[in-house]
Amino acid sequence: MGAHLKVLSIVGARPQFVKLAPVAKGLTEAGHEHIIVHTGQHYDERMSGIFFADLSIPAPDIHLGVGSGTHGVQTGAMLASLDAVLDEHRPDWVLVYGDTNSTLAGAVSAVKLHLRVAHLEAGLRSFNRAMPEEINRILTDHAADLLLAPTQVALGHLTREGLADRAVVVGDVMTDVCYVVRDAVVAAGQVNPGEFLVATIHRAENTDDPARLASIILALQELPLPVRLLAHPRLIARCHEFGVELDRGSLQSSEPMAYPEIVAAVLGSRGVVTDSGGLQKEAFLLGRTCTTLRRETEWVETLADDWNVLNADLINLAESVTRSTPTEPRATPYGDGHAADLVVKTLSEWH
Ligand code: UD1
């Protein structure tokens, strides 16, 4: 039996709300006190509020409202606000999620106040130091007291960095959510199968260079089947700035989707084209092929049997996205959908 805990979660960006959902549920069910701090990194309704509503996450207790900015401005604004919040609540654990600027700010503020920090989704590495997320991951893992790793591969990275004695493999909490939502949308008849692709593009390396962005959009427009592109506000902003038109040829853009909508769309689709980490994994979990427009992936397990292929140079993209779905059974490297229970148990038993 573990102790009664006061846990303070810090979230701010879309994928963190998805990870928060099962953890918040698990903490509440176990009778722990849970305080949710939203940094305000994402603020549009379809990037934030809709996730709290659809995934039944309690409304944030504290909202910092930092908004967008350069990395330093955004991270600095979070740090400036977090000290007072953390000092007021003095939780047993500060829980940070994933690899965004909100993750890094939360970890740095907490560790300097001598509060225990747990990092959920610890140990992921792309080995690409040009990615802001890679820097956030490394710094957060080294600052944190408890490293909740999703996979054995992640534990291996932490071990090589000398962090094994602070690390525990708990599985992947996004898998918990993905399976629950999959079952709900299937039961509700929300899956409409068709010959189309689901696409997302939002990484700085793909959106911030005009030539790179134009070549990706053109390649998607020339694909031989309809491409439903769920456009992140960052992508829309860059397309306006660089004069790139989205809706031509095969490409049909729409607003970012709510989580159940995206799960239903992937289940109905022929496959996925993306640079998102979460969507690569969701395609794998939902049994759809994924083509990733990057040179590397943190979720290397998805590459098994070509469920996911890396294609940063857009080589033979049409063949890549229409390849047949592997027939071999998939391994289950991301756990069985009960990672959040292990997160809660580990937090209450860790000394
Ligand atoms: C952030 C994370 C990234 C994660 C992604 C998920 C960092 C460094 N990056 O990237 O790891 O995969 O979230 O979506 O933390 N914007 C809006 N409305 C919003 C949010 C953003 O219009 O609600 C626009 C703004 O123009 C902003 C831009 O999107 O400048 C980028 O937002 P930001 O939070 O800085 O980074 P993301 O690209 O979303």
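**Exercise 1. The ligand site**

Task: Find how far a polar side-chain atom of His42 lies from an oxygen atom of the ligand, then describe the surroundings.

Solution:
- Start at His42. One of its polar side-chain atoms is 2.7 Å from a ligand oxygen. Keep in mind that this is a predicted model.
- Move to His202. An N or O atom of its side chain sits 2.9 Å from an oxygen atom of the ligand.
- Now take Asn101. Here a backbone N or O atom lies 2.9 Å from a ligand oxygen.
- Widen the view. The ligand is surrounded by 19 residues. Gln41, His42, Tyr43, Glu133 and Arg234 are the closest.

**Exercise 2. Two domains**

Task: State which residues belong to domain 1 and domain 2, and how many residues of each are in contact with the other.

Solution:
- Read the assignment. Domain 1 takes in 6–172 and 335–350. Domain 2 covers 180–321.
- Place the centres. Over C-alpha atoms, they are 25 Å apart.
- Count the contacts. Domain 1 contributes 22 residues and domain 2 contributes 20.
- Add the area. The two domains bury about 1,700 Å² between them. Carbon and sulfur atoms carry 60% of that.

**Exercise 3. Links across the boundary**

Task: Count the salt bridges and the polar contacts between domain 1 and domain 2, then describe the side of domain 1 that touches domain 2.

Solution:
- Salt bridges come to 5 between the domains.
- Look at a pair by name. Lys281 forms a salt bridge with Asp172. Their closest N and O atoms are 2.9 Å apart.
- Polar contacts come next. Between the domains, 7 residue pairs make them, both residues being at pLDDT 80 or more.
- Turn to the side of domain 1 that touches domain 2. Helices H1 (14–29), H2 (49–54) and H5 (132–143) each supply at least two of its residues.
- H2 gives the largest share, with 3 residues.
- Sort the residues on this side by type. There are 9 nonpolar, 4 polar and 9 charged.

**Exercise 4. A long-range pair**

Task: Locate Arg46 and Glu255, and say how many residues apart they are.

Solution:
- Begin with the total. The whole structure holds 23 salt bridges.
- Pick out Arg46 and Glu255. Their side chains meet in a salt bridge, 3.6 Å from N to O.
- Place each partner. Arg46 is in the loop between strand E2 (33–38) and H2. Glu255 is in the loop between strand E10 (251–254) and helix H11 (259–268).
- Give the separation. The two are 209 residues apart, and the pair links distant parts of the chain.

Definitions and conventions
Residues numbered from 1 in each chain as written. Predicted model: local features only at pLDDT ≥ 70, side-chain atom pairs only at ≥ 80, totals over all residues. Heavy atoms only, no water. Domains from an automatic or database assignment. Contact = heavy atoms within 4.5 Å. Buried area = accessible area lost by both parts, 1.4 Å probe. Salt bridge = Lys/Arg side-chain N within 4 Å of Asp/Glu carboxyl O. Polar contact = N/O pair within 3.5 Å; in protein donor to acceptor, adjacent residues only side chain to side chain. Helix = DSSP H or I, 4+ residues; strand = E, 2+ residues; numbered from the N terminus. Nonpolar A, V, L, I, M, F, W, Y, C, P; charged D, E, K, R; others polar. Near = heavy atom within 4 Å.
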